[in-house]
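Reader: Hey, got a minute to walk me through a structure? I'd like the packing and the rings.
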Amino acid sequence: IGDKLVEVGAELEDGKNMDPPSGANAIMLLGFHGRSKGIHEIQRSEASTGSTNQGPNKADDFKREDWSNGSLLSGGGSVPAKRASAEAWVNMVNDFQKGALSTRLGIPMIYGIDAVHGHNNVYQATIFPHNVGLGVTRQLTLEIFQFQVYNCFLLSTRDPDLVKRIGAATALEVRATGIPYVFSPCIAVCRDPRWGRCYESYSEDHTIVQAMTELIPGLQGDIPPTGKGVPYVAGKDKVAACAKHFVGDGGTVKGINENNTIVSRHELLSIHMPAYYNSIIKGVSTVMVSYSSVNGVKMHAERDLVTGFLKDTLNFRGFVISDWQGIDRITPIPHSNYSYSIEAGIQAGIDMVMVPYNYTEFIDDLTIQVQKKIIPMSRIDDAVKRILRVKFVMGLFENPLGDLSLAEKLGCKEHRELAREAVRKSLVLLKNGKSIDQPMLPLPKKAPKILVAGTHADNLGYQCGGWTIEWQGVSGNNATEGTTILNAIKATVGPATEVVFNENPNSKFIKSHDFSYAIVVVGEPPYAETMGDSLNLTLPASVPSTIKTVCRAIKCVVVLVTGRPVVIEPYVESMDALVAAWLPGSEGQGVADVLFGDYGFTGKLARTWFKSVDQLPMNYGDEHYDPLFPFGFGLQTTSQSS
């Protein structure tokens, strides 16, 4: 590892990655560190709050040379304490870092976290819309096409600047908790909404996903013109990013998570790979490998694509990281032949292995394989060099410890206003009135009495979706802070307007009130990954009942809070208006802003809305393309002020 420090230091002195003073610091770290520490460097563990036989849980664990790790993470729901403050987070991360710094060479560890729609693990953080919503945002470039009876105005230019600003805000909030690395963005191209991770994808169209890689310079900073294609992190208010999941994760058979993507080489390179080109050019620091397979070969063991294409052809110079227990899943029964999995994963080109628990087993086995020359030392050298390169460009050697200087940025007003803007731009109006000349939206603010119904109207957890506070998301309004859609409606209507909320009203209740109109907010419960896989894409049983009961009795607008297109064709006729709100996050006020006309609808579908699941997979450009709402569709309204 001493030799790798010299090489990386020389690179930095040449100005390939960062300023010369840091290169000089690298050279000062000369000294032989040995193959054992190199093996520890390529391991990433969960920062456990439990016993040390699962993961390190205190700085003393890091002081042991035989236990030390090059990296730690907080997985979904892993926190210092419930409702932990920024200070509690900083203290926890610093405690681990001090342990790492106390080892013989004092190489800092890198701490990472899933910040996939804001700093979503952390109480009081700003929760932005999930990627499925951000993919529909558009800037004002006019194209006109016809769908059914509508003359549609397609605002076709993506809005990557919005995503870049979200990246910058997320970086500040993550740094506020002392963390310098995020597992984001997900640049999957979801080709089948049955996939439980489809809401993590910007679009079925790779060009939209490519545009949204602007999140990377938002997180990391704008790469200098002379530094194209090398890892880059601009300073202490930025974080290292991770493009994931390499590659083809959005194209599995029937959308089954971690399944097989059957695809030609041309389709793989033209649909699923392009966003990685953009990510590397923009200096992404790391790439995470997918659980899924390509044509029957597990990506965690796919040397041709990980080393041959990503590293050699695309010249990616950051480090490649496995997914959570990713190498365990190389075998059909996870962890059934761990020695083989370690060999296959490391030889494929994985540089940092995510071993959340039982990390000593990984260290011991990999050490034996290197000693027996099953895995060549040159492979360890390559991994260590890449990891050190990223640690240097992150500034960890100069500034390894976090502080509270950015604590006020966590959930700050400026970031919540940005999230509110993102919500407004992510809404897609799918139907507006039962006839084209009688639009229902925008809604009048001065109606005497309105009904708000549905499971998602007053549920912040449902509104945010999966990967919020907990891995699978939460229910209710107590897990974090934000504005529910119900409270946003109450804050928007006139002072004389009475807002009546009933989650699932019956006909008798509706008839007993003289409602001017109803807003029905319904959708999917939160989920993440495999738990979200669905072969039927139907809504919970209560949802159709609520829609039918309300919309048959009174004029209604239905707001769908979902992570993907779902089965709605049987109910569209009964609705007066239909809005796809996706998973808007903590700032529900953005929904009310557009419903009541303070801003117009501008969002355009970034994925096809099917009629029946029997049509799936169905994507724009397919030969037999017969959607309920096509890719690019979205009705437009103007703000009342304009």
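Author: Sure, we can go through the fold, the core, the aromatic pairs and a few local spots.

Reader: First off, is this model predicted or experimental?
Author: The model is predicted.

Reader: OK. How many helices and strands does the chain have?
Author: The chain comes to 22 helices and 19 strands. It has 642 residues, and 64% of them count as buried.

Reader: And what share of the contacts comes from residues 24 or more positions apart?
Author: Taking contacts with a separation of 6 or more, 78% are between residues 24 or more positions apart.

Reader: Let's talk core. Which residues touch the most other members of the largest nonpolar one?
Author: That core has 177 residues, and the ones touching the most other members are Phe 246, Leu 366, Ile 519, Val 558, Ile 568, Leu 595 and Trp 609. Helix α15 (residues 377–393) gives the largest share, seven residues.

Reader: Where does that core lie relative to the domains?
Author: Between domain 1 (24–47 + 58–133 + 161–409) and domain 2 (427–629), because both of them give residues to it. There's another core apart from it, with six residues, including Leu 537, Val 567, Val 613 and Met 618.

Reader: Pick Leu 595. What is in contact with it, leaving aside neighbours within four places in sequence?
Author: Leu 595 is in contact with Leu 441, Pro 442, Leu 443, Ile 519, Val 557, Val 559, Val 579 and Phe 601.

Reader: Ile 519 is in there too. Which strand is that in, and what stands opposite Ile 519?
Author: Ile 519 is in β17, and Val 452 stands opposite. β17 (residues 517–523) runs parallel to β15, with four bridges joining the two.

Reader: What about the other partner of β15, β16?
Author: β15 also pairs with β16 (residues 498–501), again in the parallel sense and over four bridges. There, Lys 449 stands opposite Glu 498.

Reader: Is β15 enclosed or open to the outside?
Author: β15 (residues 449–453) is largely enclosed by the rest of the structure, because five of its five residues are buried. Lys 449, Leu 451 and Ala 453 point one way, while Ile 450 and Val 452 point the other way.

Reader: So a buried lysine, noted. What does Ile 489 touch, beyond four places away in sequence?
Author: Ile 489 touches Ile 450, Val 452, Val 499, Ile 519, Ala 592 and Phe 596. Ile 489 is found in helix α18 (residues 485–492), and it counts as buried, at 0% relative accessibility. Its C-alpha is 8.9 Å from that of Gly 588, a residue 99 positions away along the chain.

Reader: Switching to rings. How many aromatic pairs are there?
Author: The count comes to eleven aromatic pairs. One of them is Phe 392 with Phe 397, a stacked pair at 4.0 Å centre to centre and 15 degrees between the planes. Phe 392 and Phe 397 are both buried.

Reader: Why is the Trp 582 and Trp 609 pair called tilted?
Author: Because their planes sit at 40 degrees, with the ring centres 5.8 Å apart; tilted covers whatever is neither under 30 degrees nor over 60. Trp 582 is in the loop between β19 (577–580) and α22 (589–595) and Trp 609 in the segment after α22, so the pair ties together parts 27 residues apart in sequence.

Reader: Are those two buried or exposed?
Author: Trp 582 counts as buried at 1% relative accessibility, and Trp 609 counts as buried at 0%.

Reader: Which arginines lie over the face of a tyrosine?
Author: Arg 329 lies over the face of Tyr 291, at 4.2 Å from the ring centre. Arg 424 lies over the face of Tyr 599, at 3.8 Å.

Reader: Last stop, helix α11. Which of its residues are buried?
Author: In α11 (residues 274–281), Pro 274, Ala 275, Tyr 276, Ser 279 and Ile 280 are buried. Those buried residues pack against several elements, among them α8 (206–211), β7 (242–246) and α12 (303–313). Just after the helix, Gly 283 takes a positive phi of about 85 degrees.

Key. Residues numbered from 1 in each chain as written. Predicted model: local features only at pLDDT ≥ 70, side-chain atom pairs only at ≥ 80, totals over all residues. Heavy atoms only, no water. Core = buried A, V, L, I, M, F, W, Y, C linked by side-chain atoms within 4.5 Å. Buried < 20%, exposed > 50% of the residue type's maximum accessible area, 1.4 Å probe, protein only. Domains from an automatic or database assignment. Contact = heavy atoms within 4.5 Å. Phe/Tyr/Trp six-rings, centres within 6.5 Å; stacked < 30°, edge-to-face > 60°. Lys NZ or Arg CZ within 6 Å of the ring centre and 35° of its normal. Pairing = 2+ DSSP bridges.
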